[in-house]
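Please open the model in a viewer and keep the sequence panel beside it. The tour below proceeds by selections, each followed by a description of what is found there.

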Amino acid sequence: NGGKYGKGLVFFADAASPYLPNLSAFLAEWGIEVREGIMFETNAQNHIADAPTSLGSYPTGDDEILNGIAGCITGYNVPIKPVFETKGVISTSQLIVTPDTVVNAPIGTSNSWTGADKYKKEAFATVLQAKRFNYDDDNNPIQNHVFALSSIEFIHGEWSETAAISNKNIAFKV
């Protein structure tokens with residue numbers, strides 16, 4: 001974008017995609033780390049029956065983009081984490097997160113995987129927002145945004161059409 005403001009990027013991760021080092025490096029500049037692996041929910045109360053690679057995540061914070069957003073259900077989530085909260089003019093925030101019962105499982109992990117006890121349980125973001133803020137020549141605030149969503153299932157899949165779940169709503173708001 002030649003350093004200009006007022007632009008945005010939305011990234012949907014997909015566990016079936018190959019690792020993309022150039023895109024990952026760009027996202028890291030914006031405070032977003034894309035890890036290799038797949039999120040696996042260890043608490044049966046937080047995932048679809050017999051499908052721990054399909055998990056729930058919930059809004060956090062008070063960002064206005066979260067108005068009207070309830071929980072989301074997505075599958076095959078790629079682990080994403082913030083690298084920093086603020087660095088220069090860029091700030092990164094977690095908008096939607098999993099409970100702290102999720103592990104970063106190896107690529108290709110299936111729903112029948114039994115190795116989760118060997119991994120650290122933690123909360124992962126499923127929607128991250130990075131903003132770069134400045135002013136134009138007339139002193140009007142302008143921003144660039146980068147959003148990272150941990151799964152393509154925010155817009156693709158059976159849960160995107162379910163009214164009680166906010167998958168599609170958050171995807172359209174970003």
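The stops that follow cover strands, loops, a pocket and aromatic rings.

**Before starting**

Residues are numbered from 1 along each chain as its sequence is written, and the model is predicted, so that local features need pLDDT of at least 70 and side-chain atom pairs count only at pLDDT 80 or more, while totals for chains, interfaces and linings use all residues. Side-chain values use heavy atoms, with hydrogens and water left out.

**Stop 1: strand β5**

Select residues 51-59, which form strand β5. Helices (H or I, at least four residues) and strands (E, at least two) are DSSP runs, numbered from the N terminus. Seven of the nine residues of β5 are buried, so the strand is largely enclosed by the rest of the structure. Here buried means under 20% relative accessible area, exposed means over 50%, and partly exposed lies in between (1.4 Å probe, protein chains only).

Which strands pair with β5? Add β4 (47-48) to the selection; two bridges join β4 to β5, and the two run antiparallel. Two strands are counted as paired if DSSP finds at least two bridges between them. Ile48 has Ala51 in β5 as its bridge partner.

Next add strand β6 (residues 72-75). β5 and β6 pair in the antiparallel sense over four bridges. Ser57 is partnered by Cys72 of β6, and Gly56 by Ile73 of β6.

Finally add strand β9 (residues 90-97), which is joined to β5 by two bridges and runs antiparallel to it. Pro59 stands opposite Ile96 in β9.

**Stop 2: the turn at Asp50**

Select Asp50, in the loop between β4 and β5. These strands form a hairpin with two residues between them, and Asp50 in the turn has a positive phi of about 60°. Asp50 is exposed, with a relative accessible area of 72%.

**Stop 3: β6 and the loop after it**

Return to β6 and display its side chains. Cys72 and Thr74 point one way from the strand, Ile73 and Gly75 point the other way, and all are buried. Continue to Tyr76, in the loop between β6 and β7 (80-82). Phi of Tyr76 is near 55°, a positive value in a residue other than glycine. Tyr76 is partly exposed, with a relative accessible area of 40%.

**Stop 4: the largest pocket**

Rolling a probe the size of a water molecule over the atoms shows where empty space is left. A pocket, on a 1 Å grid over the protein atoms alone, is an open set of points where a 1.4 Å probe fits, with protein on both sides within 12 Å along at least five of seven lines; lining residues have an atom within 4 Å of a point. Grid points are joined across faces, edges and corners, and a volume is the space filled by probe spheres set on the points.

How much space lies in the largest pocket? The value is about 270 Å³. Select Asp14, Ser17, Pro18, Tyr19 and Val78, which are the closest to the pocket centre of the 18 lining residues. The elements giving two or more residues to the lining are β1 (8-12) and α1 (21-29), and α1 gives the most, with three residues. The lining divides into 12 nonpolar, three polar and three charged residues. In this count Ala, Val, Leu, Ile, Met, Phe, Trp, Tyr, Cys and Pro are nonpolar, Asp, Glu, Lys and Arg are charged, and the others, Gly among them, are polar.

Pro18 is found in the loop between β1 and α1 and is exposed, with a relative accessible area of 59%.

**Stop 5: helix α1 and Val83**

Select Ala28 in helix α1. Ala28 is partly exposed, with a relative accessible area of 34%. Add Val83: Ala28 and Val83 are 55 residues apart in sequence and 6.9 Å apart in space, C-alpha to C-alpha.

**Stop 6: aromatic rings**

Rings of Phe, Tyr and Trp (its six-membered ring) pair if their centres lie within 6.5 Å; planes under 30 degrees apart count as stacked, over 60 as edge-to-face and the rest as tilted. By this rule the count comes to three aromatic pairs. The rings of Phe26 and Trp30 have centres 6.4 Å apart and planes at 50°, so this pair is tilted. Phe26 is partly exposed, at 33% relative accessible area, whereas Trp30 is buried, at 8%. Select Phe40, Trp113 and Tyr119 as well; these form one aromatic cluster.

End at Lys81, which lies over the face of Phe124, at 5.1 Å from the ring centre. A charge sits over a ring if NZ of Lys or CZ of Arg is within 6 Å of the ring centre and within 35 degrees of the ring normal.
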